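Please look over the sequence and the structure shown below before reading on. The notes that follow take a few buried residues, one helix, the RNA contacts and the model confidence in turn.

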Amino acid sequence: MTQAHAQQRLDPVEMLGERFAAAIADAFAGKLEGGAVDPLITPSKNPQHGDYQSNAAMPLAKTLGMPPREVAKAIVEKLDLGDLATPMDESSIAGPGFINVRLKPETLAELVGELDRPGLGVKAEEQQTIVVDVCGVNLAKQMHVGHLRSTVIGDAMCRTLEKLGHTVIRQNHVGDWGLPIAMVVAKLQSEAKAGRIDLGKVTLDDLDRLYKVAKQESSADTKGLKAVERFQLGPKAQAELEAQVAGANEALEHAKQTLVKLQSGDAEIVALWQKLYDVTMGACLETCKRLQANITAKDSAGESSFRDQLGEIVQILLDKKLAEEDGGALVVRNEGLEPTLVRKSDGGYLYATTDLAAVRKRVKQLGADRVIYCVDARQALHFKQVFATAKKAGFAHKIGANEDSTLEHAPFGMVLGEDGRPFKTRSGENVKLSDLIDEAEQRAAVISTEKNPDLAGDERQKIAHTVAVAALKYADLSSDRIKDYVFDWDRMLAFEGNTGPYLLYTYVRIRSIFRKAEEQGIVAGYESAALAINEPEEKQLALVLLRYPATVASVARTLEPHRMCGYLYELAGTFSRFFEHCPVLKAETDVSRLSRLRLCDLTARVLADGLDCLGIQTLERM
RNA sequence: GCCCCGGUAGCUCAACUGGAUAGAGCAGCGGACUUCUAAUCCGCAGGUUGCAGGUUCGAGUCCUGCCCGGGGUGCCA
């Protein structure tokens, strides 16, 4: 038996699918046009209906013009499930034509045994090179909850894709270029010259503050001025606003000049920019590390790295007659979309231009078959425009490929506070990601002290960190990413419900069994013990375990990590019920004890592997 | 104005992309601990899936039109 064949036998859905497909082809030979019929096998929701079911009869009834139960009957008559399942007959058909299957206990044991391998049954897919846009920090800005989502969700996608054998390249598209950055550079320069800031000691907090000041200073209150003029609010108000507007225009002009210097490689300005870059990225990568997100310096690919290609990109668009002039600017028009601005009337480029260059690099240089953007949902229109334009311009065509690489936006919603408005501090500032992690750790330490006072201080700190990060990340991953989600400390750190801590706790309980088993000297030999799936709780556990490989695949397909969370939560719950009803160490027979130990071990490994897909680490104790 | 995304139990969320009686957790009520870590488990109660039509053997899921909320919308990124 080949490895591939051994793997193929693993998933009951596929195994049953093959048998059902054969039965359908046999039963309706000559009556069905065009290829194989999907046997529509799915695990049964309700154990009363069996373990698996085929829903194929109903849609077939339509094309065949027969009553669905007749179709089901004809399928069952031709069905050869061999020794996989208990015998099938008319009583296997229910409702409008569901065909219910119950696996034999021995078959179930064999399948679980096959799952119990190093890869846990996860099948390597046809290998692709996949570029994932993650994190997306901006220079001189603290990371906030928006970056948390891109980082955590993006990293989870990457890990899941890697688990399936793909080559994943993370790209942190750092916002490190353009007028806003030049504004901060200009401000940093003037502050340093005035002796108000020490360039050797500058922190991200300093830069964040300068950013806000600079932005404030260079945004002219022309609306205010117009209002004052229109409503004649007095010479004093008018003079103040005129001064503000004049000052802002001056600051803006200065920033533009700084940008020109930066672009032309002025040594002093470039050094200041480099300072900005180093300070920001140092803090960003440190935060990624604390979050156990696998994003490092080598993944950084800032907007600045495309600065010399923007003219060329636009030239290609012109050569291909895709870009046209409109009001002095250059736009690309795509069917059903707003025009995409790729060059301003003053000759400057826009973020669409940079993103087009990035698509080209990712596909042609990095060799991406699939490019995924884990970015805020508000960018949806922007990405539609970029993708459409990139495809027309040939930027999405991988060298030697037959078709364009897929470009996908995996959007996520906002993080809201308990009041339902964007998550901010009381004073209306964005919450710093590093502060968020600090607070999560403090809260986790308090809870840990309450629940398990015997732990040593340093172990508690370690546990608090792991639990805090798990709670924070899991909260972000466990609901459908497209929706906004409500940030709630108590809920994410709760040990009941669909939370990180609950899953960690389940894992810890299993590990505890093995410590105890070792103390009692009864741990040997469970790895290869015969599995005895007899009790209903054992059976349910086995059935849930078998769904793991398909779950990994579905997360990779849909880019929805919350499916993994839902699965792991169900696994943990099913295990807890098993654990409640089926004594392990005190099992009645040696055979049963070893079998259950093996189930425990397998469950722990699936939990750990699934959490690893999400970028969450496990613990031995908590 | 146009486009995109949401609307499911009092609250926070699921529902394997059209399948059987819409499921969890919290909050409420009632049970099970000299434990394999009770940070758990069992039970009760809680629903016109925003509204109205339509397609289908079957709709929370698909199509149309409304209502509510959020977001986006050529010279910021």
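Beyond its neighbours within four places in sequence, Trp 177 is in contact with Leu 262, Gln 263, Trp 273, Glu 303, Ser 304 and Arg 307. The model is predicted, and Trp 177 belongs in it to the loop that joins β6 (167-172) to α7 (179-193). Trp 177 counts as buried, because its relative accessibility is 13% and the limit for buried is under 20%.

**Buried residues and their contacts**

- Trp 177 and Phe 306 are 129 residues apart along the chain, and their C-alpha atoms are separated by 9.6 Å.
- Phe 306 also appears among the contacts of Thr 354, which include His 173, Glu 303 and Leu 310 as well, leaving aside neighbours within four places in sequence.
- Glu 303 is in contact with Trp 177 and with Thr 354.
- Thr 354 sits in helix α13 (residues 351-365) and is buried, with a relative accessible area of 9%.
- From Thr 354 to Gln 309 the C-alpha to C-alpha distance is 8.4 Å, although 45 residues separate the two in sequence.
- Asp 208 is part of helix α8 (residues 204-218) and counts as buried at 12% relative accessibility.
- Apart from neighbours within four places in sequence, the contacts of Asp 208 are Ala 140, Lys 141 and Gln 142.

**Helix α9**

- In helix α9 (residues 222-231), the buried residues are Gly 224, Leu 225 and Val 228.
- These buried residues fall within an arc of 100° when α9 is seen down its axis, so they line one face of the helix.
- That buried side of α9 packs against α10 (235-264).
- Turned away from the buried side is a face of α9 with the exposed residues Lys 223, Lys 226, Arg 230 and Phe 231.
- Gln 232, just after α9, has a positive phi of about 50°.

**Surface near RNA strand B**

- There are 66 residues around RNA strand B, and those that come nearest are Asp 480, Phe 495, Tyr 505, Ser 512 and Pro 583.
- By class, this surface has 28 nonpolar, 15 polar and 23 charged residues.
- Helix α18 gives the most to the surface, with 8 residues.
- Elements that each supply at least two residues of the surface include α3 (57-64), β4 (98-101), β8 (329-332), α14 (380-393), α18 (500-519) and α21 (562-581).
- On the RNA side, sugar or phosphate accounts for 59% of the atoms of strand B within 4 Å of the protein, and bases account for the rest.

**Polar pairs with RNA strand B**

- What lies 2.6 Å from a base oxygen of RNA strand B? A backbone N or O atom of Ser 345 does.
- Tyr 502 has a polar side-chain atom 2.9 Å from a phosphate oxygen of the strand.
- In the side chain of Arg 509, an N or O atom is 2.9 Å from a phosphate oxygen of the strand.

**Confidence of the model**

- The average pLDDT of chain A is 93, and 98% of the residues score at least 70.
- Over residues 1-8 the pLDDT stays under 50, and the model has 9 contacts beyond four places in sequence for them.

Terms used: Residues are numbered from 1 along each chain as its sequence is written. Chains are lettered from A and ligands numbered from 1 in the order in which they are written. This is a predicted model: local features need pLDDT of at least 70, side-chain atom pairs count only at pLDDT 80 or more; totals for chains, interfaces and linings use all residues. Side-chain values use heavy atoms; hydrogens and water are left out. A residue is near a molecule or strand if one of its heavy atoms lies within 4 Å of it. A polar contact is a pair of N or O atoms within 3.5 Å; within protein, one must be able to donate a hydrogen and the other to accept it, and residues adjacent in sequence count only if both atoms are side-chain atoms. Helices (H or I, at least four residues) and strands (E, at least two) are DSSP runs, numbered from the N terminus. Ala, Val, Leu, Ile, Met, Phe, Trp, Tyr, Cys and Pro count as nonpolar, Asp, Glu, Lys and Arg as charged, and the others, Gly among them, as polar. Buried means under 20% relative accessible area, exposed over 50%, partly exposed in between (1.4 Å probe, protein chains only). The arc is that of the directions from the helix axis to the C-beta atoms. Contact means heavy atoms within 4.5 Å. pLDDT is the predictor's confidence in each residue, from 0 to 100.
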